[in-house]
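Reader: I have this one open on my screen and I'd like a close look at a single stretch of it. Could you pick one strand, go through it slowly, and then work outwards to what else is worth a look?

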Amino acid sequence: MPAPSKKPFGQAGKALDGVRILDFTHVQSGPTCTQLLAWFGADVIKIERPGVGDITRGQLVDVKGADSLYFTMLNHNKRSITIDSKHPEGKRVLNELIKKCDVLVENFAPGALDRMGLTWEHIHKLNPRMIVASVKGFGPGRYEDCKVYENVAQCAGGSASTTGFRDGPPLVTGAQIGDSGTGLHLALGIVAALYQRNRTGRGQKVLAAMQDGVLNLCRVKLRDQQRLKAGPLTEYSQYGEGVPFGDAVPRAGNDSGGGQPGWILKCKGWETDPNAYIYFITQAPVWGAICDLIGEPTWKTDPEYATPKARLPKLKQIFARIEEWTMTKTKFEVMEACNAVDIPVGPILSMKEIAEDESLRKTGTIVEVDHPTRGKYLTVGNPIKLSDSISEVKRSPLLGEHTDEILTKVLGFDKKEVAKIKNSGALSAPAKEDKAA
């Protein structure tokens, strides 16, 4: 182990300095992973198709002629090189990059990497230290060849069946737990494999399946599935309403998943503001404070309300009474009053409110980035803060922006060799045929 650095914290380099990533990812799950690694200092080289690039460059376009926010917000701090992976010279460049990189990350459809000739055996022969990390929809099994997208993952991972209200259909969530959630899982797997490589000297395969990633985030629901064998789930509001449970975990609306009864309540202005709501938790240790705030001090000692068990059948009535109080205040006034006596509440913040939140900007969670073709835009910075590896958010690369730089400085090709590769057509889009007059 090296001696502790004597440099001030934040000035001893980045956590992943020296790690080079060969990034074959596109759309969301893979780019989420590689962007996180780039924020921690890894040199991420994004491989893109000549003339096209990551398909998200042109999806949901809001500024004509510029890369979309879909692309720019998932590809910060990376370098871009365009390579035709089917061209012999393109394959040669890829092989040279494999020798120079530590990790290859991909989220192609099942079997696509093999069809490109980049099998595990081929990669490992070129570079035994290479870690090959993949996002797939399903792990090995009957569904492994199926394509999966965000909402498919939410449905197959158990999230949709437990989201929504019990008298309505299953719902998907706005949080991208299938794509971005799996990307986060993959990043952790890569860092663990890099750590193990320090001991073994060899690379390994890392797989994060989207179904597995979603299920991991839904583990409290699998907990409840097993608890059903012991009887009804008493913290679910349907228990208090006398609605019988079936044989699978039901959709629980806004019930809290942690055993503490909670619900979303209206606040002042709800009639015109769709986000004038607050999540209110009736945590047992602060029950007395809740009673005092809402003007029901007798509930503190009334046997019908004094204990959590006594309150379970009356949760709907209790939240209705609390809501009478919250509707007299804005969500921020409710938050201030409740926090003063340690009652946990959460205002429903709109994306507009979050974008304008000064505290999130000060911490680097909301960042303004300047881009040469689209101008300034907001993005989400690194949500993980390391005291000795400070993240800087740099704009996403233009298509092929770093092609020459990577050929010369990473692969060491001279000008003559670069010209030969370029003239072969391996790095550029095929010329369009002239239309007949």
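**One strand and beyond**

Author: Let's take strand β4 (residues 103–106): Val103 and Val105 point one way, Leu104 and Glu106 point the other way, and all are buried. Buried here means under 20% relative accessible area, against over 50% for exposed and partly exposed in between, using a 1.4 Å probe and protein chains only. That back-and-forth is a familiar pattern: in a regular strand the side chains alternate between the two faces of the sheet.

Before going on, a word on the source: this is a predicted model, where local features need pLDDT of at least 70 and side-chain atom pairs count only at pLDDT 80 or more, while totals for chains, interfaces and linings use all residues. Residues are numbered from 1 along each chain as its sequence is written, and side-chain values use heavy atoms, with hydrogens and water left out. Helices (H or I, at least four residues) and strands (E, at least two) are DSSP runs, numbered from the N terminus.

Back to β4 and its partners. Two strands pair if DSSP finds at least two bridges between them. β4 pairs with β1 in the parallel sense over 3 bridges, and Asp23 stands opposite Val105. β4 also runs parallel to strand β5 (residues 131–136), with 4 bridges joining them; there, Leu104 has Val132 as its bridge partner.

Follow β1 (20–23) and you reach helix α17, since β1 is among the elements covering the buried residues of α17, along with β2 (43–48), β3 (78–82), α3 (88–100) and α18 (415–424). Covering is about contact, meaning heavy atoms within 4.5 Å. The buried residues of α17 (residues 403–410) are Thr403, Ile406, Leu407 and Val410. Seen down the helix axis they fall within an arc of 110°, so they line one face of α17; the arc is that of the directions from the helix axis to the C-beta atoms. Here's the rule of thumb: an α-helix has 3.6 residues a turn, so residues three or four places apart point the same way. Just after α17, Gly412 takes a positive phi of about 75°.

Now a look at another helix, α1 (residues 29–39). α1 packs on α7 (residues 179–200) at an angle of about 45°, with the axes 7 Å apart. Axes are lines fitted to C-alpha atoms, for helices over the stretch in contact, and angles run from 0 to 180 degrees between N-to-C directions. That angle makes α1 oblique to α7, as under 35 degrees counts as roughly parallel, over 145 as roughly antiparallel, 65 to 115 as roughly perpendicular and the rest as oblique. Residues meeting there include Thr32, Cys33 and Leu36 from α1, and Gly183, Leu184 and Ala187 from α7.

One more sheet to finish: an open one of 3 strands in the order β7-β8-β9, with antiparallel pairing. Its edge strands, β7 (262–266) and β9 (345–347), each pair on one side only, and the twist averages 20° from one strand to the next. Helix α13 (residues 315–326) lies across β7 and β8, at about 40° to β7.

For the whole chain, the count is 18 helices and 11 strands, and buried residues make up 42% of the 437 residues.
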